[in-house]
Amino acid sequence: GRVEFRVDSTGIIHVGVGKVSFGKDKLVQNAKAIIDSVKAAKPASVKATYLRSAFVTTTMGPSIKLDNLQ
């Protein structure tokens, strides 16, 4: 499928990964596809770290930081 994401004025990317009803494997696969898509969209002129951190959360729940974005 496609990966669509939007970026707010502070550089934070907002994107849906899936639904709670998805299995763990499907959510991990979707998250990896999003991270790969964001890395592929990095402009060639950017030499610094492009993706510094990532968090996952439900709509109204607390966030969880993701490790190892490489």
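Tutor: Let's start with a term: helices of at least four residues and strands of at least two are DSSP runs, numbered from the N terminus. Keep in mind, too, that you're looking at a predicted model.

Student: Okay, so how many helices and strands does the protein have?

Tutor: There is one helix, and there are four strands. Reading from the N terminus on, you meet them as β-β-α-β-β.

Student: Where is confidence lowest and where is it highest?

Tutor: Look at pLDDT, the predictor's confidence in each residue, from 0 to 100. Here the protein averages 86, with 97% of its residues at 70 or more. Strand β1, residues 6-7, has the lowest confidence, a mean of 82, while strand β4, residues 63-66, has the highest, at 90.

Student: What does the C-alpha trace span along its principal axes?

Tutor: About 40 × 25 × 20 Å.

Student: Now pockets. What is the volume of the largest pocket?

Tutor: Its volume is about 1500 Å³. It has 42 lining residues, and Val17, Ala54, Phe55, Val56 and Leu66 are the closest to its centre. Two or more lining residues come from each of β2 (13-14), α1 (24-40), β3 (54-57) and β4.

Student: Which element gives the largest share of that lining?

Tutor: Helix α1 does, with 10 residues. By type, the lining of the largest pocket splits into 23 nonpolar, 12 polar and seven charged residues.

Student: And on the surface, which residues make a nonpolar patch?

Tutor: Find Val3, Phe5, Val7 and Ile13: together they make a nonpolar patch of about 280 Å². One of them, Val7, sits in strand β1, the strand where confidence is lowest.

Methods. Residues are numbered from 1 along each chain as its sequence is written. This is a predicted model: local features need pLDDT of at least 70, side-chain atom pairs count only at pLDDT 80 or more; totals for chains, interfaces and linings use all residues. Side-chain values use heavy atoms; hydrogens and water are left out. On a 1 Å grid over the protein atoms alone, a cavity is a set of points where a 1.4 Å probe fits but cannot get out, and a pocket is an open set with protein on both sides within 12 Å along at least five of seven lines; lining residues have an atom within 4 Å of a point. Grid points are joined across faces, edges and corners, and a volume is the space filled by probe spheres set on the points. Ala, Val, Leu, Ile, Met, Phe, Trp, Tyr, Cys and Pro count as nonpolar, Asp, Glu, Lys and Arg as charged, and the others, Gly among them, as polar. Patches are made of residues with over 30% relative accessible area and no salt bridge: like charges are joined within 9 Å, nonpolar side chains (Val, Leu, Ile, Met, Phe, Trp, Tyr) within 5 Å. Accessible areas come from the Shrake-Rupley method with a 1.4 Å probe; for residues, only the protein chains shown count as cover. A salt bridge is a side-chain nitrogen of Lys or Arg within 4 Å of a carboxyl oxygen of Asp or Glu.
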